[in-house]
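Work through the exercises below with the sequence and the 3D view side by side. Try each task before reading its solution.

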Amino acid sequence: MSVIRPQEAVERALALSRADDCVVIADESTTANLRWAGNTLTTNGVTRSSRLTVIALRRTGDGVAAGVVSRSAVGADGIEDLVRAAEADAAGNEAAEDAAPLVSGGPAAAGWDDAPAETGIGVFEGVAPALGEAFGVAQAAGNRLYGFANHVLTSTFLGTSAGLRLRHDQPTGLLELNAKGAGGSAWAGAGTRDFTDVDVPDLAAGLARRLDWGARRVDLPAGRYETILPPSAVADLMVYLYWSAGAQDAADGRTVFSAPGGGTRVGERLASLPVTLSSDPAAPGMECAPFVVAHASSREASVFDNGLALGATDWISGGTLTSLAQTRHSADRTGLPLTPSIDNLAMTGPDGGASLEEMIARTDRGLLLTCLWYIREVDPQSLLLTGLTRDGVYLVENGEVVGAVNNFRFNESPVDLLSRFTEVGETVPTLPREWSDYFTRAAMPAVRVGDFNMSTVSQAS
């Protein structure tokens, strides 16, 4: 296979296209990983991957049909075959309902001609020594640390027959640390761009404290409990809410954001406290693509929207639903502003909020969670979710953690939870544990809910 630079692949595919219009997306990625188990580093490595996507657009008597084909590791000699496959796909498709004129282009984006960005094992130069020290501390306490760190750097090159030439370099890193000992199991995680902001000693110390809490075990029955959800658990719930907030599905009456009798719930107050849920491609530490990159069309994304500029968007503002994820097609249908999806999410409450420790200190009796897992949707009309608690549920009495309790299965809707928040803490960067394979750029507060529904006791440990 003859290797070709991604920018050249874009240009060659566009030049070879016989379609009425064409969009080409080239993604070039490197991935570095580091793993450890039982207080010992085990493996590390670097991998490379590439993907080329061709979107062929064919005018029909009643609109525009789209054909999309995406392949990995396409060499120079494979580009024409990919282009023809996309054109054949378009020839067999009917007019697309989301068809719209392509975004027009100007000068090529800064750095268009530069080589793709790369990561390597060097990104862990501060992490590995800190892990070594943490292993020693854990070993001395009779505990064991497990986990992994992963860093992906993807350069995306987007070109169209309308003259658009855009580029974005996206670093995505995460670290997950799990401690096991006589006090059970505890987890901590962090999302990052480059690991310079990951404090391994602090994460490890927090895990050691939780294992100490687990020295005393308390069995509790299922029921509704005052519960403090830490930022990671809040992120998992709010990310699912965000993924479910498509304008087209809402307008069609399919989701919790559909209004009775038709339309959407935009403009309706959802939260008991003035929280704001927002996305911003320029958010410090959570920077992401400032333009739409759509490898395929769906009800929340459109290949015709590739290259549309993205800006800061409030999905919920002051407790009121203000926006739903929109393509140009769905915005035309709903009459709502054009607000495409953005690859980060933040929630803020009023007045900055208290720290998690301060929230614990003013709890008379309640539960403190660590994280959630195995989250599944039960009912899209209410966005009822079910899932399990994991790696530590703790009993708080008179402002102190007094022991660990059994795990539970929960049944809750994140939309309904918004209306039952009794306290929202300070917003901090966090990692959604359940969704970390798909979504890492999040900042969330801890929240207090007076009656979180622990529906059954779980034997998971």
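**Exercise 1: A backbone angle**

Ala73 sits in the loop between strand 3 (63-72) and helix 2. Helices (H or I, at least four residues) and strands (E, at least two) are DSSP runs, numbered from the N terminus. This is a predicted model, in which local features need pLDDT of at least 70, side-chain atom pairs count only at pLDDT 80 or more, and totals for chains, interfaces and linings use all residues. Residues are numbered from 1 along each chain as its sequence is written, and side-chain values use heavy atoms, with hydrogens and water left out.

Task: state the sign of phi at Ala73 and at Asp351, then place Asp351.

Solution.
- Step 1. Start from the usual case: most residues other than glycine have a negative phi.
- Step 2. Ala73 is not a glycine, yet its phi is positive, about 50°.
- Step 3. Asp351 also has a positive phi, near 60°, and is a residue other than glycine.
- Step 4. Asp351 lies in the loop between strand 12 (345-348) and helix 8 (356-361).

**Exercise 2: Buried or exposed?**

Task: sort Ala73, Asp351, Ala296, Gly206 and Ala15 by accessibility class.

Solution.
- Step 1. Fix the cut-offs: buried means under 20% relative accessible area, exposed over 50%, and partly exposed in between (1.4 Å probe, protein chains only).
- Step 2. Ala73 has 41% relative accessibility, so it is partly exposed.
- Step 3. Asp351 has a relative accessible area of 82%, so it is exposed.
- Step 4. Ala296 lies in the loop between strand 9 (276-279) and strand 10. Its 44% relative accessibility makes Ala296 partly exposed.
- Step 5. Gly206 belongs to helix 4. At 13%, Gly206 is buried.
- Step 6. Ala15 belongs to helix 1 (residues 6-16). At 66%, Ala15 is exposed.

**Exercise 3: Distance in space and in sequence**

Task: find the C-alpha separation for Ala296 and Ser70, Gly206 and Trp187, and Ala15 and Pro101.

Solution.
- Step 1. Ala296 and Ser70 are 226 residues apart along the chain, and their C-alpha atoms are separated by 9.2 Å.
- Step 2. For Gly206 and Trp187, 19 residues apart along the chain, the value is 9.1 Å.
- Step 3. Ala15 and Pro101 are 86 residues apart along the chain, with 20 Å between their C-alpha atoms.

**Exercise 4: Aromatic pairs**

Task: classify the pair Phe124 and Phe195 and the pair Tyr225 and Phe408, then locate each ring.

Solution.
- Step 1. Rings of Phe, Tyr and Trp (its six-membered ring) pair if their centres lie within 6.5 Å; planes under 30 degrees apart count as stacked, over 60 as edge-to-face and the rest as tilted.
- Step 2. The structure holds twelve aromatic pairs. In one of them, Phe124 and Phe195 have ring centres 5.1 Å apart and planes at 70°, so this pair is edge-to-face.
- Step 3. This pair links distant parts of the chain, 71 residues apart. Phe124 is in the loop between helix 2 (79-91) and helix 3 (127-140), and Phe195 in the loop between strand 6 (184-192) and helix 4 (200-213). Phe124 and Phe195 are both buried.
- Step 4. Tyr225 and Phe408 are 6.0 Å apart, centre to centre, with 45° between the planes: a tilted pair.
- Step 5. Tyr225 is in strand 8 (residues 223-229) and Phe408 in strand 16 (residues 407-412), so the pair ties together parts 183 residues apart in sequence. Both Tyr225 and Phe408 are buried.
- Step 6. Ring pairs also join Tyr240, Tyr242, Trp243, Trp315, Trp435, Tyr438 and Phe439 into a cluster.

**Exercise 5: The largest cavity**

Task: how much space lies in the largest cavity, and which residues line it?

Solution.
- Step 1. On a 1 Å grid over the protein atoms alone, a cavity is a set of points where a 1.4 Å probe fits but cannot get out; lining residues have an atom within 4 Å of a point. Grid points are joined across faces, edges and corners, and a volume is the space filled by probe spheres set on the points.
- Step 2. The count is one cavity of 30 Å³ or more. The largest cavity holds about 60 Å³ of space.
- Step 3. Its lining consists of Leu241, Tyr242, Ala245, Phe257, Leu277, Trp315, Ile316, Leu321, Ser323 and Leu324.
- Step 4. Helix 5 (231-243) and strand 10 (313-317) are the elements that give two or more residues to this lining.

Conventions:
On a 1 Å grid over the protein atoms alone, a cavity is a set of points where a 1.4 Å probe fits but cannot get out, and a pocket is an open set with protein on both sides within 12 Å along at least five of seven lines; lining residues have an atom within 4 Å of a point.
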